[in-house]
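Welcome, and please take a moment with the sequence and the model below. A short guided report comes after them.

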Amino acid sequence: MPTISSHSSPAQSQCNSEQFTEMVARSPSRAVAVYCAASLGKQKVFQAAALSLGYALSVDKRPLVYGGGNNGIMGVVSGAVSKAKGKVTGIIPYAIFAAGGERDKGNGHVTAQAVSEVLDEAHRDEIETIVVNSMHERKVEMARRVGAFIGLPGGFGTFEEMLEVITWNQLNIHNKPVVLLNVLSYYNPLRELIKNGIQEGFINPRNEHLVIFVDGPADHKEHETFDWGKAALEAIDSWQYEKSKILPFHWNKDEDSSDLTNVKAEMNGTPPMLHALKATNGWLRKVWHVRVRSRV
């Protein structure tokens, strides 16, 4: 692993070591947020990995929190959990909800009957959908509700979401495992970027472990039948949070400030999440009235 050479004195080294502290307590939530594409991708194995993860979450009785879309890899993993009678909560911004959801950006197509089945609307009746005002609120609500994060292959949105929750670990905002399923070595460039950041002095070497890469078999031909779901959950259980040393930021009196159960601040007597939902409902009513009046 690349390292940064140090020429500091013993006194400076001691000072530097005192700049770090233990992470806040790990969240007790068993729910898992999954970040992934609203597109299906061009490789059958990406859909197979999403199916594997969805079924594993359901079997292990871990609720799924995701971006609320019905299409792409997002639709596959949520549909797999729902079909297996697992709990699913989708968090979606109003703008995307009103536009009918996100669309496949790569003209992907269903590659297996099992994928077609979980994408069927008949299996999505029990999915809870929460509409929020913005992309920022979506990310906060997802993070608050879970104890871990898993990333499947995706695009800009998936990259940004995964990097943000990794950064929140570094800043001691929360203490939650972040797992990337490196299907067909999809996330190898990100791993190299992290190593380069360490080598060039922009990332502390101790923080390389703040994200766990699950690589699967060395032979990519075996990735389609590999149990990505089981491997992802094993990676979550392997998170050695008690050994982590990070920057001494305490955002909420040493509590996990991204955990919904620890949110105590109120806005005009209303808990923040409820305030957001009420604001959204008001917005929906306003938009509805405008539409109705425009038709008269």
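This report goes from overall figures to a helix, then to salt bridges and surface patches.

**Ground rules**

This is a predicted model, in which local features need pLDDT of at least 70 and side-chain atom pairs count only at pLDDT 80 or more, while totals for chains, interfaces and linings use all residues. Residues are numbered from 1 along each chain as its sequence is written, and side-chain values use heavy atoms, with hydrogens and water left out.

**Overall figures**

The protein has ten helices and nine strands. Helices (H or I, at least four residues) and strands (E, at least two) are DSSP runs numbered from the N terminus. Of the 296 residues, 44% count as buried. Here buried means under 20% relative accessible area, exposed means over 50%, and partly exposed lies in between (1.4 Å probe, protein chains only).

The exposed area of the protein is about 15500 Å², and carbon and sulfur atoms supply 55% of it. Such areas come from the Shrake-Rupley method with a 1.4 Å probe; for residues, only the protein chains shown count as cover. Among contacts with a separation of 6 or more, 81% are between residues 24 or more positions apart. A contact means heavy atoms within 4.5 Å.

**Helix α9 and its surroundings**

Why is helix α9 described as largely enclosed by the rest of the structure? Helix α9 (residues 228-237) is largely enclosed because seven of its ten residues are buried. Those buried residues are Trp228, Gly229, Ala231, Ala232, Leu233, Ala235 and Ile236. Their cover includes β2 (32-35), α2, β6 (148-151), β7 (178-181) and β8 (212-214).

Serine 52 offers a view from helix α2, where this residue lies. Apart from neighbours within four places in sequence, serine 52 is in contact with Phe226, Asp227, Trp228 and Gly229. Serine 52 counts as buried because its relative accessibility is 15%.

Helix α2 (residues 44-59) also holds phenylalanine 46. With a relative accessible area of 12%, phenylalanine 46 is buried. Not counting residues up to four places away in sequence, phenylalanine 46 touches Leu40, Gly41, Ile73, Pro153, Val183, Leu184 and Tyr186. One of these partners, leucine 184, is 138 residues away in sequence, yet its C-alpha is 8.5 Å from that of phenylalanine 46.

**Salt bridges**

The structure holds eleven salt bridges. Each is a side-chain nitrogen of Lys or Arg within 4 Å of a carboxyl oxygen of Asp or Glu. The table gives three of the pairs.

| Pair | N to O distance |
|---|---|
| Arginine 138 and glutamate 102 | 3.3 Å |
| Lysine 139 and glutamate 164 | 3.4 Å |
| Lysine 195 and glutamate 208 | 2.9 Å |

Let's take the pair of lysine 195 and glutamate 208, with N and O 2.9 Å apart. This pair links distant parts of the chain, 13 residues apart: glutamate 208 is in the loop between α8 (188-199) and β8, and lysine 195 is in helix α8. Glutamate 208 counts as buried at 16% relative accessibility, whereas lysine 195 is partly exposed at 21%.

Next, the side chains of arginine 138 and glutamate 102 meet at 3.3 Å, N to O. Arginine 138 sits in helix α6 (residues 135-144) and glutamate 102 in the loop between α4 (94-98) and α5, 36 residues apart. Arginine 138 is buried, at a relative accessible area of 3%, while glutamate 102 is partly exposed, at 23%.

For glutamate 164 and lysine 139, the closest N and O atoms are 3.4 Å apart. Glutamate 164 lies in helix α7 and lysine 139 in helix α6, so this salt bridge ties together parts that are 25 residues apart in sequence. Lysine 139 counts as buried at 9% relative accessibility, and glutamate 164 as partly exposed at 23%.

Salt bridges also form a network that links Arg30, Asp60, Arg62 and Asp237.

**Surface patches**

Patches are made of residues with over 30% relative accessible area and no salt bridge; like charges are joined within 9 Å, and nonpolar side chains (Val, Leu, Ile, Met, Phe, Trp, Tyr) within 5 Å.

Which residues make the nonpolar surface patch of about 430 Å²? Phe156, Phe159, Leu163 and Tyr186 make this patch. Phenylalanine 159 belongs to helix α7 (residues 156-170) and is partly exposed, with a relative accessible area of 34%.

A patch of negative charge gathers Asp120, Glu121, Asp125 and Glu126 on the surface. Lys and Arg count as positive and Asp and Glu as negative, while His and the chain ends are not counted. The place of a charge is taken as NZ of Lys, CZ of Arg, CG of Asp or CD of Glu. Glutamate 126 is in the loop between α5 (113-119) and β5 (128-132), and counts as exposed at 69% relative accessibility.
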